[in-house]
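Here's a protein to explore together. Take a slow look at the model before reading on.

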Amino acid sequence: MLSREHSFILIAYACIFICSSVDTAVAFTIKQLSIATSPTIRRHPTSLAAKGGGKKKKPKRATAQTTKGFGAPPPKLDDVLAAFQTRIPKADADAAPCPCGTGKVYGECCGPLHNGDRVCSTMTDVLRSRYSAFSWRNVKYVMSTTHPSCRDYREDSVAWAKDLNKGGMFDSYDFVNLEAGDEEMSEENENEGFVEFKVTLRAKEDGNGSVAGRETVISERSRFLRDPADGSWSYASGDVRSDVAGLEDTKLNA
C-alpha cells in the first residue's frame with residue numbers, strides 16, 4: 001500500500017497527463033507536501049551586432065551594411081519535435097490496434113486525426129486522440145489540440161514542446177485503459193461542452209512513490225471549446241481527481 005506522501009507524488013505526475021502541464025503537477029505537490037520548489041531558469045542573452053562595410057564614397061550616399069554577426073538562428077519547432085523519441089510502433093502503425101481502445105486499427109481511428117487528414121468534429125475525438133497521443137508520445141498533437149485559453153497553452157511553442165518531452169509524456173507508465181463518458185453540451189454556450197472520463201496508468205518500475213505494476217486511476221471532467229469557423233474541438237480545461245483513498249472528492253488541479 002502506498003503511503004499518503006507517496007500517493008501525492010504519484011498523483012502529481014499523473015496530473016501532467018490530464019492537463020499536459022508540468023506546472024500543474026509541481027503546484028499540486030507543493031500544496032500537499034509543502035515542498036518549496038523554485039526551478040532555476042537560465043537565461044542566455046543574445047548579442048546582436050551588425051557590421052558595416054565599405055567607406056563613404058560620397059557625402060549623400062548610404063553606407064553599405066551586412067547582417068552578419070547575429071549568431072545561429074533559433075531552433076524551429078519541427079526540428080525540435082523531430083529529435084524527440086516516440087512510442088509509435090516501428091512496424092505498420094496504421095495496422096496496429098489504436099491505443100484509445102475503440103477496437104479499431106490506428107489508421108482508421110486516431111491516425112487520421114494525428115496526421116491532420118481530418119479535424120476533431122466531436123469532443124470525444126479530442127479526448128481519444130489526445131489519449132493516443134500521450135500513449136504513443138506525440139508531443140505535437142497534444143500541443144495542437146490545446147485551446148489557447150487553456151492555462152497549459154504557451155506562446156513559446158519550442159519551450160513548451162521541450163518541457164512536455166522532458167517531463168510531461170509519462171515515460172514511467174503504461175497506458176492501460178480509457179473510459180470515456182457521454183458528451184454534455186453547455187446550456188450557456190453552444191460552442192462549449194464537457195466529458196467525464198477515467199484513465200488507468202500502470203507504473204513500469206519502482207520510484208517516485210510508485211510500485212512497479214501498480215495501477216492508478218485518474219478521473220477528470222474535461223471542458224472543450226469548439227471553433228465556430230471550422231467546427232473543430234480542442235481541450236480547454238478540466239477538474240482532476242484520483243481513486244487514492246482520502247482523495248476521491250478532492251480536485252487535484254485546483
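What follows is a short tour of some ring pairs, one helix and one pair of strands. Keep in mind that this is a predicted model.

**Rings that meet**

Let's start with the aromatic side chains. Counting rings whose centres lie within 6.5 Å of each other, you get six aromatic pairs. Two of the pairs are set out here.

| Pair | Arrangement | Centre to centre | Angle between planes |
|---|---|---|---|
| Tyr153 and Trp160 | edge-to-face | 5.4 Å | 65 degrees |
| Phe170 and Tyr173 | tilted | 5.5 Å | 55 degrees |

Why do the two pairs get those labels? Planes over 60 degrees apart count as edge-to-face, and planes under 30 degrees apart as stacked, with the rest called tilted. The 65 degrees of Tyr153 and Trp160 therefore makes them edge-to-face, while the 55 degrees of Phe170 and Tyr173 makes that pair tilted.

Now, how hidden are these rings? Tyr153 is partly exposed, with a relative accessible area of 28%. Its partner Trp160 is buried, at 4%. In the tilted pair, Phe170 is buried with a relative accessible area of 5%, and Tyr173 is buried too, at 8%.

Phe170 and Tyr173 also belong to a cluster: ring pairs link them with Tyr131 and Phe175. Elsewhere, a ring has a charged neighbour: Arg221 lies over the face of Phe194, 4.5 Å from the ring centre.

**A helix with a buried face**

Trp160 turns up again in helix H7, which covers residues 157-167. Along with Trp160, the residues Val158, Ala161 and Leu164 of H7 are buried. Where do the buried residues of H7 sit around its axis? They fall within an arc of 160 degrees when you look down the axis, so they line one face of the helix. It helps to know that an α-helix has 3.6 residues a turn, so residues three or four places apart point the same way. And what covers the buried residues of H7? The cover includes helix H3 (77-82) and helix H6 (139-144).

**Two strands, one hairpin**

Finally, find strand S5 (residues 215-226), which runs antiparallel to S6 and is joined to it by nine bridges. One of the residue pairings here is Ile218 with its bridge partner Ser242 in S6. S5 and S6 make a hairpin with six residues between the strands, and in this hairpin Gly231 takes a positive phi near 80 degrees.

Why is S6 described as largely enclosed by the rest of the structure? Strand S6 spans residues 233-242, and seven of its ten residues are buried, so the description fits.

Notes
Residues numbered from 1 in each chain as written. Predicted model: local features only at pLDDT ≥ 70, side-chain atom pairs only at ≥ 80, totals over all residues. Heavy atoms only, no water. Buried < 20%, exposed > 50% of the residue type's maximum accessible area, 1.4 Å probe, protein only. Lys NZ or Arg CZ within 6 Å of the ring centre and 35° of its normal. Helix = DSSP H or I, 4+ residues; strand = E, 2+ residues; numbered from the N terminus. Pairing = 2+ DSSP bridges. Arc of directions from axis to C-beta. Contact = heavy atoms within 4.5 Å.
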